[in-house]
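This report describes the overall build of one structure, its domains, a small sheet and a contact between chains. Please keep the sequence and the model at hand while reading.

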Amino acid sequence: MRLFMRAHIILSIVIITLLGMGCSENRTERIPIESFFSTPEKTFFKISPDGNFIAYIGLDNHCKNIFLLNLNNRDSSKQLTYQNDMNVNSFVWGDNEEIIFSIEQATNDSLRLYAVNILTDAIQPLIKPMKAKFRWVQPSRLYDKGIIVAINNRDSSTFDLHKLYIDGRKSEVILQNPGNINSWYISNDGQVRLVMANDSVEESLMYRADNLQPFHQVLKNDFGSTIIPMGFVKNSTTNIYALSNIGRDKLSLIEYDLVGKREVHEIFSNKEVDLDWGDYSHYTNEMNYASYTVSKKKRYFFNEKVAQIFKKISEKTKGSEFDVIDVDAQFDKIIIRTYTDTNPGAIYYFDCQDNDLHKLTDNNPNLKDRDLSQTEFIKYQARDGKIITGFITYPLHEDRKNLPMVVLPHDGPNQREVWGFDHEAQFLANRGYVVFQMNYRGSIGFGKEFWSAGFKEWGGKIQDDITDGVKWLIREGIADKDRIAIVGKGFGGYSALHAACFNSDMYACAVSYSGFTNLFTYFRDIPPYVKPYLQKYYQIIGNPVRESGMFKQISPVFHSNRVKIPVLLAQGGKDRFSSVTDANQFVQKLKNNNIPVQYILKEEEGRTFKKEENIIQYYQELEKFLDKYIGK
Amino acid sequence: MRETSYNYRKNFGLLFVFFAFVTLLYFVVVFAARNYTINHVDNEFTNRKSEVFDLTLVPFNDFFQNRVPEVSFYQGYLDSLEAGKYAYSVLSSYPFVKEIAFYDMLFSNDVNALAGFSINGLNIRPKTLSIFTINNRGLNKRYITKREEMGPFNDELNSMGIKIASYIDKLQSSSKLTDRDILRVFYATQPGRITYLNIPRINDLLVYKDIMDTKLDHIVNYEQDMFVFNVDPTLLEVKNIYPNLYERIEVVPIVRAPITSDVKEYVTEMPLPGALADYKLLFHSGESFISKEVNRSFFPIVLGISLVYLILLVILYLIYRNLEINGRLFKLQYDFINNLTHEFKTPVSVIKIAGNNIKSAPYLSDEERIMYGNILDQESDRLNNLMNKLLSFSQIENKTIKFKKEEIDLNSFVDNIVASTQLKHADFKISKEINVKSSLLADPVLLTSVFQNLIDNAYKYSDQKRKILDIKIQQNKKNFVIIFRDEGIGINKSEFSNIFKKFYRIKSQYNQQGSIGLGLAFCKEITEFMGGEISVKSEVGKGTTFTLIFSV
């Protein structure tokens with residue numbers, strides 16, 4: 001009898017195992033979280049102007065350092081810097097021999113700028129370390145042995161232009177900021193002829209014929225309209241290429257006459273969306289192409305040679321989309337990043353000599369050759385008729401019916417979703433959820449009207465756009481109405497919390513990663529150096545003093561009593577926009593009301609978690625949380 | 001037949017001792033329970049006050065822990081209009097908050113500002129100062145603008161200013177705001193008043209520090225909000241959740257001594273915390289009130305104890321009854337053995353004598369041999385008969401025999417029995433009248449023994465000259481009715497219920513021998529076993545009628 005029982009047990013185990021194996025064939029294997037969110041080891045690829053070297057930031061001794069690839073002689077590739085307690089933050093090619101770089105130990109660290117010679121490896125400091133922030137000014141390169149950067153050491157709220165020399169000359173302030181200038185454009189001869197000033201809501205373009213003349217206002221934009229200079233037209237010091245939506249809804253490529261103060265002509269535009277940056281060559285001072293993205297990126301070429309090169313690259317990437325990261329002066333070597341929705345791709349350089357791609361690094365080697373989910377472009381109508389675009393990523397091996405859904409509103413709201421490889425969406429789809437991302441009104445890239453439609457609509461029409469999309473997907477039968485989670489970071493997190501407060505019926509649970517719990521706090525900590533933008537924030541969100549009633553109405557922290565669904569909250573202790581005190585209060589209230597709440601507090605982190613273990617932990621908790629409340 | 005004097009031993013003394021003990025225990029327990037109840041009520045009076053205290057303070061704690069810190073959510077952006085809305089919601093939901101003063105504060109490094117509190121270049125002054133109260137018409141606002149009116153409100157400002165300044169002074173850029181700091185610096189609690197300054201971000205505090213270190217070269221203004229809540233503890237709503245324990249609960253100043261009066265009173269108190277600290281909760285109850293409570297809680301206890309006592313008494317009665325029944329059973333069995341031995345004794349002794357005579361006689365004549373043979377035959381038949389009767393009776397009792405159903409033709413069945421009886425008793429006159437259409441479904445052996453018994457009884461209990469039996473069988477729609485009517489000695493009505501009992505015999509000259517009192521009991525058992533009924537009617541001296549009823 002006993003023997004029989006044992007045999008029986010063994011038999012059952014075998015059967016169960018077989019059944020288990022049978023199931024796993026149909027179900028997607030869970031790819032480890034680490035594979036999705038590991039930080040790449042090699043980043044920041046930049047090619048030297050002569051196309052002989054590629055420099056990148058890699059890891060040595062757990063610290064980010066600059067490495068150099070010699071394209072003509074791979075064997076003489078080398079490590080350029082040897083920081084072992086600091087990270088190289090960013091660098092630029094000054095010329096064919098000098099690389100200028102900044103290092104820091106932690107965020108908000110002192111400013112340290114150095115130059116390194118790639119032939120001699122000699123490193124020299126360009127300034128004394130100081131408590132300040134700096135910005136590169138485009139095009140960033142050496143002009144008469146000096147690099148021009150913007151530093152806010154005089155007054156933390158304004159940046160002055162400094163020229164720092166690599167030949168031992170003393171650095172000098174070449175343009176003191178009267179207080180409102182926030183962008184500068186350097187001509188090829190090193191003169192700063194063009195600046196953009198921003199007076200609270202209005203921005204104005206200022207021009208001077210050369211460094212010795214005073215600036216004159218060329219045009220002044222009311223809020224919402226903008227002009228983004230790209231560079232001077234070839235052989236001209238008065239005409240520029242610019243992206244502008246003055247007098248039109250979508251950003252279009254125009255030529256502008258700074259002296260005549262008029263738009264010369266529109267070069268290219270798209271009816272549906274704003275143009276992207278495209279490609280203006282600082283070397284040739286010509287537009288190579290304009291680009292725009294409705295669902296996938298499209299390019300419109302002005303230069304036949306470039307068009308041919310891109311055609312060749314397209315053939316080589318075998319259908320993958322690609323972005324250009326950097327090109328040399330001759331447009332001879334092009335660093336690109338390939339990607340599709342299901343493939344994180346790799347970084348290559350294309351060499352026009354041998355017409356071939358050369359791989360520099362894989363973007364996410366752990367995800368190579370894994371089965372990943374396709375992302376599809378969608379459009380739907382919001383309740384007031386506005387067309388909202390978005391993307392749906394379906395889990396593999398599932399009927400596209402009645403699926404648990406994760407709604408993933410993007411951060412911003414001044415951002416947009418585009419088609420491409422999305423780690424977060426892939427991670428969630430791999431866990432069996434259909435992922436819904438949308439460009440709610442207020443997202444950028446769809447024109448002035450669409451953007452400004454989101455003004456003062458936080459928790460209002462923006463939230464309705466998200467809700468309408470979810471309702472649409474329920475009606476379509478794609479989403480299971482009882483298993484919908486809303487997950488987001490920053491503004492997306494705010495939307496999730498808002499939904500938890502006011503739309504508990506629709507969602508089964510909500511996840512906020514650095515979501516804004518209190519919009520008063522959001523304003524309180526706008527740092528001094530973005531004060532010029534304050535009025536803009538007032539326009540976009542509202543004025544916390546004059547419209548405090550509305551602020552109270554839309555801030556989740558005041559409505560924690562209305563939350564009826566489980567909430568996961570991840571919060572960095574140094575997050576500028578939402579304070580730990582508010583988050584604590586919110587969590588405490590939920591606990592008092594017996595609402596299940598999961599709270600991840602990382603004191604040392606900011607708005608975006610930087611430490612890999614913290615990122616992984618967040619996604620682990622997210623995985624568990626979603627499994628529990630909308631999983632099978 | 002003589003009465004048996006043997007008896008089952010019953011010890012009623014033990015039962016009595018048990019009863020006495022239980023009763024004593026009952027009174028002891030009731031007494032102890034009463035003492036316990038008095039102590040319990042006394043303890044409850046002093047212990048339950050903390051629950052009343054907690055419940056009474058629920059709104060205050062909610063106000064202090066949730067509503068006051070809510071000010072910080074506004075991050076200093078409150079103006080007097082929005083502050084009014086906040087004040088209205090607080091004043092209307094917490095009646096013990098009497099008045100709210102709102103200081104719309106500016107922290108700045110403007111040394112030219114004359115008003116407010118200044119320390120090391122940090123100027124803290126209210127832009128506006130509004131006082132909110134509530135009446136039945138709604139929110140009542142008063143703005144303080146004149147300097148002379150400011151007087152009483154300056155204290156709060158100054159003491160908050162000093163606290164903030166000394167905290168900022170010690171602040172390091174790496175410092176973090178701990179909960180302890182928050183409570184110590186941004187709350188000021190004194191009896192009757194709570195002052196709260198919205199908690200600044202640590203970055204704001206660092207700017208204030210820079211101001212105090214005169215590091216800033218341009219004028220900055222930072223908004224902060226300060227609220228002063230005046231609370232009146234006497235307006236706290238006391239939640240007396242133990243109206244049975246506390247006759248009266250009051251909020252009185254902490255210094256008031258309990259008034260002693262002639263009437264004895266139970267009194268206990270509990271001081272209120274924090275901003276309410278100059279008041280206490282005073283709990284009173286009169287002596288009669290407390291004794292009423294004692295009685296009230298004693299009643300169910302005494303009820304419970306009595307119930308247990310009653311159950312014990314019932315058990316006692318059941319034990320007594322059980323003893324009685326056992327006694328009767330014992331008597332019955334004793335009778336049985338007694339009678340049976342007697343019954344067996346007669347034939348056995350006759351056989352013994354016959355055997356002895358045969359043994360001692362030198363020779364036996366044919367006459368003698370036949371006589372002794374007849375005697376031995378008769379007596380052994382009698383023994384056999386006795387044993388059969390006993391055996392089948394105990395079988396029926398134990399339900400070990402099976403009921404064999406057969407169709408019985410009553411005419412021939414009765415003829416056979418009557419013929420064999422008259423063979424035995426030539427002087428027995430049996431008449432019969434059988435009027436049936438169908439046959440009866442029954443066990444013939446068992447039915448024979450019922451008939452035999454009833455016929456034997458009729459013969460046995462009849463006068464020598466009137467040995468007459470009339471058997472009538474009729475069939476109606478449902479039943480066969482079988483009637484045996486004799487003209488014997490009859491049975492007294494009072495014996496009707498007893499004659500069917502085992503070993504019961506009516507004392508009479510007719511049953512001196514050959515009867516053990518099983519016949520009728522046996523008949524009843526068998527009849528009922530076969531699904532029939534048996535009943536008796538009789539008149540003393542005139543005769544007896546037994547009626548059997550079987551269903552068709």
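Two strands are taken to pair if DSSP finds at least two bridges between them. The model is predicted, and in chain A that pairing rule gives an open sheet of 3 strands in the order β22-β23-β24, with antiparallel pairing. Because β22 (279–281) and β24 (297–301) of chain A stand at the edges, each with a single partner strand, one side of each has no neighbour in the sheet. From one strand to the next, the twist averages 20 degrees. Strand β23 of chain A, which covers residues 286–293, is joined to β24(A) by 5 bridges, and the two run antiparallel; Y292(A) has K298(A), in β24(A), as its bridge partner.

Turning to the chain as a whole, the secondary structure of chain A comes to 12 helices and 36 strands. Its C-alpha atoms fill a box of roughly 100 × 65 × 45 Å along the principal axes. For 632 residues a compact globule would have a radius of gyration near 26 Å, and the 27 Å of chain A agrees with this. Of the 632 residues in chain A, 41% are buried, and among contacts in chain A with a separation of 6 or more, 49% are between residues 24 or more positions apart.

The domain assignments of the two chains are set out below.

| Chain | Domain 1 | Domain 2 | Distance between domain centres |
|---|---|---|---|
| Chain A | residues 180–302 | residues 375–630 | 34 Å |
| Chain B | residues 56–235 | residues 402–551 | 114 Å |

In chain A, with the centres of domain 1 and domain 2 separated by 34 Å over C-alpha atoms, the contact takes 16 residues from domain 1 and 14 residues from domain 2. The side of domain 1 of chain A that touches domain 2 of chain A divides into 3 nonpolar, 9 polar and 4 charged residues.

Which chain is chain A in contact with, and through how many residues? Chain A places 16 residues in contact with 13 residues of chain B. On the side of chain A that touches chain B, at least two residues are supplied by each of α8 (519–524), α10 (548–554) and α11 (580–592) of chain A. The residues on that side of chain A divide into 5 nonpolar, 8 polar and 3 charged.

Definitions and conventions:
Residues are numbered from 1 along each chain as its sequence is written. Chains are lettered from A and ligands numbered from 1 in the order in which they are written. This is a predicted model: local features need pLDDT of at least 70, side-chain atom pairs count only at pLDDT 80 or more; totals for chains, interfaces and linings use all residues. Domain bounds come from an automatic or database domain assignment. Helices (H or I, at least four residues) and strands (E, at least two) are DSSP runs, numbered from the N terminus. The radius of gyration is taken over C-alpha atoms; the globule rule is 2.2 Å times the number of residues to the power 0.38. A residue is buried if 20 or more other C-beta atoms lie within 10 Å of its own, exposed if 12 or fewer, and partly exposed in between; C-beta atoms are placed from the backbone. Two residues are in contact if their C-beta atoms, placed from the backbone, lie within 7 Å. Ala, Val, Leu, Ile, Met, Phe, Trp, Tyr, Cys and Pro count as nonpolar, Asp, Glu, Lys and Arg as charged, and the others, Gly among them, as polar. Axes are lines fitted to C-alpha atoms, for helices over the stretch in contact, and angles run from 0 to 180 degrees between N-to-C directions.
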